[in-house]
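Visitor: I'm new to this one, so could you pick a single part and take me through it slowly?

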Amino acid sequence: MDFLSLFLVDFVKQLQSPTLSFLIGGMVIAALGSELVIPEAITQIIVFMLLMKIGLTGGQAIRNSNLTEMVLPVAFAMALGILIVFIARYTLAKLPKVKTVDAIATGGLFGAVSGSTMAAALTVLDGQKMQYEAWAGALYPFMDIPALVTAIVIANIYLNKKKKKGSVADEYLSKQEYLSKQTVAAGDYPDQQDYPSTRQEYLSKQQSADNRVKIWPIVQESLQGPALSAMLLGLALGIIARPESVYKSFYDPAFRGLLSILMVVMGMEAWSRLGELRKVAQWYVVYSVVAPLLHGFIAFGLGMIAHYATGFSMGGVVVLAVIASSSSDISGPPTLRAGIPSANPSAYIGASTAVGTPIAIGVGIPLFLGLAQAIGGR
């Protein structure tokens, strides 16, 4: 009973934190019809500075830490990114009126990481004075990239199989129709040019028809995205350079204020995206509510394994759970649009921004933080 009461008190307390209050405030003013507009350029600068700060923090920590401590959390982060896509493939894709390719893209977006959600979690952890590894933010790319790559590969394999089945059926029908309508004299082969005359010609046609998905371009596109580029730059500078002075005088003091502005923007965007979900199956709403919490609980369990095996902190367990419950809001959408162009953006972006992100921030952060505090005895 003490465990449950402690958890509920912490959960309610986190709902009142400044970070979550600004998110809810943004949704409220958007619902009331406010005409407040924050330019996209300002939002991009804020996101860049937040991810640079997280990257610099992680880079400085990696420089001064034992890298073997990171092995298990990194492995779990990669496994989670892949697993989340398969969960969507074999749950969401099986629901009525949900297209398989849209479900896979949605899984990729939910498997990828939201930098703003991670920033919110780190701020809340700092406010609660809960210790966590400074390099925990560096788990971001290890979950983000595998999720996006897995989604694009699985979607293209699915589409290629579907295309081949359709083309074989079409080819069979067309040949039957052709033969039924044509009288072919002995020795006359009117469609002979359709068949290869040599083995080399056959192999070249097979290679040209090969629709295998190339992995490296997907990874490259993810790494070149604005979110990961900013964070990886911060990581590199934190490891190689000595950025402590600019970090303490600029990035660290501005972090909380910039995050509060971003939360208002995200709240307003979440409300505006609700309309997009009306264009697709309502199962996306159910998935967007359940999936972040399910993913977070799986990650929390894996984090606890790392906690007992390697001493991974309870704060680090919370970070792992939160980034697993988050869904990408910056680098993920453009990567998936390029990699799975046939998927419906209203489905995966609407599900992520309108429901998934508010659930991850408003429910996931206080839930996993309260759970960690209850298990760890504060």
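Visitor: How many residues does helix 12 have, and how far does helix 12 reach from its first C-alpha to its last?

Guide: Some ground rules to begin with. This is a predicted model, where local features need pLDDT of at least 70 and side-chain atom pairs count only at pLDDT 80 or more, while totals for chains, interfaces and linings use all residues. Residues are numbered from 1 along each chain as its sequence is written, and side-chain values use heavy atoms, leaving out hydrogens and water.

Now, helix 12 covers residues 283-310, so to speak, 28 residues reaching 39 Å, close to the 40 Å expected at 1.5 Å a residue (the expected span is 1.5 Å times one less than the number of residues). Helices here are DSSP runs of H or I, at least four residues, numbered from the N terminus.

Follow helix 12 along and you'll meet a kink of about 30° at Val 290, shortly before the proline Pro 292; that bend is the angle between axes fitted to the seven residues ending there and the seven starting there. Pro 292 is also buried, as are His 295 and Phe 300, among others in helix 12 (buried means under 20% relative accessible area, with a 1.4 Å probe and protein chains only). The cover over the buried residues includes helix 4, helix 5, helix 13 and helix 15.

Phe 300 deserves a pause: with Leu 320, Phe 300 touches the most other members of the 86-residue largest nonpolar core. Such a core is a set of buried Ala, Val, Leu, Ile, Met, Phe, Trp, Tyr and Cys residues joined through side-chain atoms within 4.5 Å. Just after helix 12, Gly 311 takes a positive phi of about 85°.

Methods:
Helices (H or I, at least four residues) and strands (E, at least two) are DSSP runs, numbered from the N terminus. Buried means under 20% relative accessible area, exposed over 50%, partly exposed in between (1.4 Å probe, protein chains only). Contact means heavy atoms within 4.5 Å.
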